[in-house]
Amino acid sequence: MPDSLCYKITPVTAYAQNSSLLWCADTKEAAFVDPGGDIEKLQQAATDVGVKPVKILLTHGHIDHVGFTAKLAEITGLPIIGPHEQDRFLLESLDEYGAMLGLPHSGNITPDRWLCDADKVTLGNQTLEVIHCPGHTPGHVVFYHAPSKLAVVGDVLFQHSIGRTDFPRGNHEELLHSIKQKLIPLGDDIEFIPGHGPNSSFGEERLHNPFL
Ligand SMILES: [Zn+2]
Ligand SMILES: [Zn+2]
């Protein structure tokens with residue numbers, strides 16, 4: 001299938017974080033998105049669908065999303081891409097958060113590439129657009145693949161809910177602005193994979209999300 005991006009979701013960590021494996025249907029090149037934990041399961045998922053991981057993508061710096069990135073990068077040698085540099089303070093204090101929350105993790109990380117709004121990330125023949133969506137965290141990014149009408153939105157938006165903003169440097173107004181000005185306008189028919197819980201679409205949330 002040309003123009004096709006495929007995905008498989010593996011819930012990881014005690015927070016059932018949706019870690020997704022994305023891959024190009026043409027080339028089978030794949031990316032691990034948000035490897036928060038259970039990296040054996042993530043690697044098994046890649047083996048099961050017969051794809052070749054080439055990079056690690058991060059939506060934001062919370063430990064349930066990035067906790068085992070250091071270990072996965074060490075084992076596989078894959079580059080770490082994202083989030084926006086405004087989440088540097090989170091990636092550099094994973095040891096602290098891990099101890100505080102009692103969550104297993106594999107240490108602090110510094111990405112090989114920080115992302116900015118409107119950057120592009122390629123995966124085989126597919127191009128993902130980067131959308132900076134601050135609010136839940138200041139450096140949160142969303143990965144959007146226009147041809148397959150799919151977005152990976154992390155903890156910005158959920159089915160009938162939105163991201164928490166009571167964490168350090170969270171900002172409720174900014175989050176609403178990100179959702180209403182940057183995501184919803186992409187179109188009602190865009191399906192999204194949230195950081196937790198079931199997939200939904202921007203149209204469903206525009207009409208039925210009580211927070212919007
Ligand atoms: Zn989060
Ligand atoms: Zn989360």
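Modeller: A donor is an N, O or S atom within 2.8 Å of the metal. Keep that in mind here. This is a predicted model. In it, Asp155 coordinates both the zinc ion (ligand 1) and the zinc ion (ligand 2), and the two ions are 3.6 Å apart.

Biologist: Let me take one ion at a time. Which residues coordinate the zinc ion (ligand 1)?

Modeller: Three histidines and an aspartate: His60 through NE2, His62 through ND1, His136 through NE2, and Asp155 through OD. The distances run from 2.1 to 2.3 Å.

Biologist: How are those donor residues of ligand 1 spaced in sequence?

Modeller: Read the pattern as H-x1-H-x73-H-x18-D. His136 sits in the loop between strands E7 and E8, and Asp155 in the loop between strands E9 and E10, so the pair ties together parts 19 residues apart in sequence. Both His136 and Asp155 are buried.

Biologist: What is the geometry of the ligand 1 site?

Modeller: Look at the angles among the donors. Four donors count as tetrahedral if all angles lie between 85 and 135 degrees. At the zinc ion (ligand 1) the angles among the four donor atoms span 90 to 164 degrees, and the site is irregular.

Biologist: Now the other ion. What are the protein donors of the zinc ion (ligand 2)?

Modeller: They are Asp64 (OD), His65 (NE2), Asp155 (OD) and His196 (NE2), at 2.1 to 2.6 Å. This site is irregular too, with angles of 84 to 153 degrees among its four donor atoms.

Biologist: And which spacing do the donors of ligand 2 follow along the chain?

Modeller: D-H-x89-D-x40-H. Asp64 belongs to helix H2, residues 63-66, while Asp155 is in the loop between E9 and E10. The pair links parts of the chain 91 residues apart.

Biologist: Is Asp64 buried or exposed?

Modeller: Use the cut-off: buried means under 20% relative accessible area. Asp64 has 9%, so it is buried. Asp155, with 4%, is buried as well.

Biologist: Let me turn to pockets. How much space lies in the largest pocket?

Modeller: About 380 Å³. Its lining holds 18 residues. Nearest the centre lie Tyr15, His62, Asp64, Arg164 and Phe167. Two of these names have come up already: His62 is a donor to ligand 1, and Asp64 is a donor to ligand 2.

Biologist: Which elements give two or more residues to that lining?

Modeller: H2 and helix H5, residues 94-101. H5 supplies the largest share, three residues.

Biologist: How do the lining residues divide by character?

Modeller: Ten are nonpolar, five polar and three charged.

Notes:
Residues numbered from 1 in each chain as written. Chains lettered and ligands numbered in written order. Predicted model: local features only at pLDDT ≥ 70, side-chain atom pairs only at ≥ 80, totals over all residues. Heavy atoms only, no water. Donors = N, O, S within 2.8 Å, 3.2 Å for Na, K, Ca; no water. Tetrahedral: all angles 85-135°; square planar, octahedral: opposite > 155°, others 65-115°. Helix = DSSP H or I, 4+ residues; strand = E, 2+ residues; numbered from the N terminus. Buried < 20%, exposed > 50% of the residue type's maximum accessible area, 1.4 Å probe, protein only. 1 Å grid on protein atoms, 1.4 Å probe; cavity = no way out; pocket = protein on both sides within 12 Å on 5 of 7 lines; lining within 4 Å. Points joined across faces, edges and corners; volume = space filled by probe spheres on them. Nonpolar A, V, L, I, M, F, W, Y, C, P; charged D, E, K, R; others polar.
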